[in-house]
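Visitor: Could you pick one strand and walk me through it closely? I'd like to know what covers it and what it pairs with.

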Amino acid sequence: MFHLQGPQVLQMLEKSLRKSIPESLKVYGTVFHMNQGDPFKLKALVDKWPDFTTVVIRPQEEEMTDDFDHYTNTYQVYSKNPQNCQEFLGASGIINWKQHLQIQSSQSSLNEVIQNLAAVKLVKVKQKQGIMYMLPETASKLLPSLLEAKNLPLKSGRRKVMTPPQHFSTTAVAFRLQCSVRRGLPALHIPASPWTSALPQWPRRIQRFQDYKIPSSGFIAC
């Protein structure tokens with residue numbers, strides 16, 4: 001495990017993640033804002049550097065003082081090889097499985113990994129779905145090849161729906177995990193963390209969204 005610190009390496013991470021959008025979109029957006037001052041005091045962990053395979057963005061340990069605060073105890077994951085990242089995600093110091101937490105990603109291919117980890121950690125899992133959207137101006141900067149392939153105008157008086165290719169599945173998966181030793185706890189609502197979908201020029205109101213669909217995944221555990 002490597003803890004990436006300093007502006008130079010975080011900028012290198014941002015640049016690398018940008019090449020893997022849309023699969024890396026959630027992690028990329030968070031790293032982007034870490035490079036703008038890191039207002040939420042996060043840290044970036046990778047399995048190796050600089051040729052990383054898996055990256056996890058999480059709060060600093062001193063920020064995660066409430067075991068029941070899954071708003072704060074939020075992790076974001078991106079892996080170039082989802083089928084082989086379970087060992088890293090299950091390693092000590094990466095994810096604190098004793099807390100209520102969220103794990104979010106833009107990769108539905110991580111679903112099986114989380115299911116397997118839940119079984120190993122003796123927790124229950126519940127799946128939910130959602131869709132993430134992107135402004136056309138942001139898409140033109142981050143996904144120019146996708147816009148060109150669809151021949152979509154940057155600005156238009158009429159909103160157009162972009163149907164992503166098959167590997168750009170719009171399904172967002174959210175898991176709620178409940179530890180076997182805490183079965184008596186009340187149900188938890190799955191919220192969006194204040195930093196989870198951070199992107200340059202991200203719209204504040206849903207009415208401003210253009211219909212550019214991007215995959216997004218999330219997981220919740222305790």
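Guide: Here is a close look at one strand, followed by the cores and the chain around it. Keep in mind that this is a predicted model. The strand is β4, residues 74-79, and it's mostly covered: six of its six residues are buried. That goes for both faces, with Thr 74, Gln 76 and Tyr 78 buried on one side, and Tyr 75, Val 77 and Ser 79 buried on the other.

Now for the neighbours. β4 pairs with β3 in the antiparallel sense, over four bridges. Across that pairing, Tyr 78 in β4 stands opposite Val 55. The other partner to look at is β5, residues 101-105, which runs parallel to β4 and is joined to it by three bridges. There, Gln 76 has Gln 104 of β5 as its bridge partner.

Val 55 is a handy link to the packing. Along with Leu 13, Leu 17 and Ile 57, Val 55 has the most contacts inside the largest nonpolar core, a set of 23 residues. β3 (54-59) is among the elements giving two or more residues to this core, and so are α1 (7-18), α2 (25-34), β2 (42-46) and α5 (136-142). The top contributor is α2, with six residues. There's also a second, separate core of 17 residues, including Leu 45, Ile 95, Leu 110 and Leu 117.

Zooming out, the chain has six helices and 10 strands, and 48% of its 222 residues are buried. Of the contacts with a separation of 6 or more, 75% are between residues 24 or more positions apart. As for the surface, the chain exposes about 11400 Å², with carbon and sulfur atoms supplying 49% of it.

Key:
Residues numbered from 1 in each chain as written. Predicted model: local features only at pLDDT ≥ 70, side-chain atom pairs only at ≥ 80, totals over all residues. Heavy atoms only, no water. Core = buried A, V, L, I, M, F, W, Y, C linked by side-chain atoms within 4.5 Å. Buried < 20%, exposed > 50% of the residue type's maximum accessible area, 1.4 Å probe, protein only. Contact = heavy atoms within 4.5 Å. Areas by Shrake-Rupley, 256 points an atom, 1.4 Å probe, with all protein chains shown as cover. Pairing = 2+ DSSP bridges.
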